[in-house]
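Dear colleague,

Please find below the structure that I am handing over to you. My notes on what was found in it follow directly after.

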Amino acid sequence: TRADWNFKGHGRSVNSAAFSPSGTKVLTASDDGTAILWNARNRKRMTTVKHNADVLSAVFSPSGNQVLTASLDRTAKLWDA
């Protein structure tokens with residue numbers, strides 16, 4: 001199958017990807033130590049959060065207003081989406 005959308009911006013493997021509850025944002029987590037919040041409509045980067053090691057997962061809160069990231073640097077970060 002062919003991908004209809006490509007979100008390019010990570011320097012290493014992407015470990016997770018998720019749509020916000022509203023479907024207007026996409027969240028990706030990567031081995032490059034970053035999580036990126038994307039605008040789902042135009043596929044442009046909105047925000048980047050950096051960790052000191054691979055980001056294994058990133059999830060939206062039920063409201064979609066916050067994001068929680070978990071990293072191999074032994075931290076979890078809660079940030080506004």
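**Contacts of Thr34**

Setting aside residues up to four places away in sequence, Thr34 touches His10, Thr28, Ala29, Thr48, Val49, Lys50 and Val55. Please bear in mind from the start that this is a predicted model. Thr34 belongs to strand β3, which covers residues 34-39. Is this residue Thr34 buried or exposed? Its relative accessibility is 11%, and residues under 20% are classed as buried, so Thr34 counts as buried. One of the residues it touches, His10, is also its partner in a polar contact: the two side chains meet at 3.2 Å.

**The chain as a whole**

The protein chain contains 7 strands and 0 helices. Read from the N terminus, its elements therefore follow the order β-β-β-β-β-β-β. The radius of gyration is 12 Å, close to the 12 Å that the globule rule gives for 81 residues, so the chain is as compact as a globular protein of that length. Along the principal axes, the C-alpha trace spans about 35 × 30 × 20 Å.

Of the 81 residues in the protein chain, 37% are buried. The chain exposes about 5000 Å², and carbon and sulfur atoms supply 48% of that area. If one takes the contacts between residues at least 6 apart in sequence, 29% of them join residues at least 24 apart. The chain also carries 11 positive and 6 negative charges, and the mean positions of these two groups are 8 Å apart.

**Ser16 and Leu56**

The next two residues are best read together. Ser16 is part of strand β1, residues 14-19, while Leu56 is part of strand β5, residues 55-60. Ser16 counts as buried, with a relative accessibility of 17%. Leu56, at 43%, counts as partly exposed.

Which residues does Ser16 contact, once its neighbours within four places in sequence are left aside? They are Leu27, Thr28, Ala29, Leu56, Ser57 and Ala58. In addition, the side chain of Ser16 reaches the backbone nitrogen of Ala58 at 3.4 Å.

Leu56, with residues up to four places away in sequence not counted, touches Asn15, Ser16, Ala70, Ser71 and Leu72. Ser16 and Leu56 thus appear in each other's contact lists. The C-alpha atoms of Leu56 and Thr28 are 9.8 Å apart in space, and these residues are 28 apart in sequence. Thr28 itself is among the contacts of Ser16 and among those of Thr34.

**Two arginines in loops**

Two arginine residues deserve your attention for their backbone angles. Arg43 has a positive phi of about 65° although it is not a glycine. Arg74 also has a positive phi, near 70°, and is likewise a residue other than glycine.

Where in the chain does Arg43 lie? It is in the loop between β3 and β4, the latter being residues 45-50. Arg74 is in the loop between β6, residues 66-71, and β7, residues 76-80. With a relative accessible area of 32%, Arg43 is partly exposed. Arg74 has a relative accessibility of 82%, and the cut-off for exposed is over 50%, so Arg74 counts as exposed. The C-alpha atoms of Arg74 and Val49 are separated by 15 Å, and these residues are 25 apart along the chain. Val49 is one of the residues that Thr34 touches.

**Leu78 in strand β7**

The last residue to be described is Leu78, which lies in strand β7. Is Leu78 buried or exposed? Leu78 is exposed, with a relative accessible area of 57%. When its neighbours within four places in sequence are left aside, Leu78 is in contact with Gln66, Val67 and Leu68. Leu78 and Phe60 are 18 residues apart in sequence, and their C-alpha atoms lie 9.7 Å apart in space.

As you go through the structure, I would suggest beginning with Thr34 and its polar contact with His10, then turning to Ser16 and the backbone nitrogen of Ala58, and ending with the loops that hold Arg43 and Arg74.

With kind regards

Definitions and conventions. Residues numbered from 1 in each chain as written. Predicted model: local features only at pLDDT ≥ 70, side-chain atom pairs only at ≥ 80, totals over all residues. Heavy atoms only, no water. Helix = DSSP H or I, 4+ residues; strand = E, 2+ residues; numbered from the N terminus. Rg over C-alpha atoms; globule rule 2.2 N^0.38 Å. Buried < 20%, exposed > 50% of the residue type's maximum accessible area, 1.4 Å probe, protein only. Contact = heavy atoms within 4.5 Å. Areas by Shrake-Rupley, 256 points an atom, 1.4 Å probe, with all protein chains shown as cover. Lys, Arg positive; Asp, Glu negative; His and termini not counted. Charge placed at Lys NZ, Arg CZ, Asp CG, Glu CD. Polar contact = N/O pair within 3.5 Å; in protein donor to acceptor, adjacent residues only side chain to side chain.
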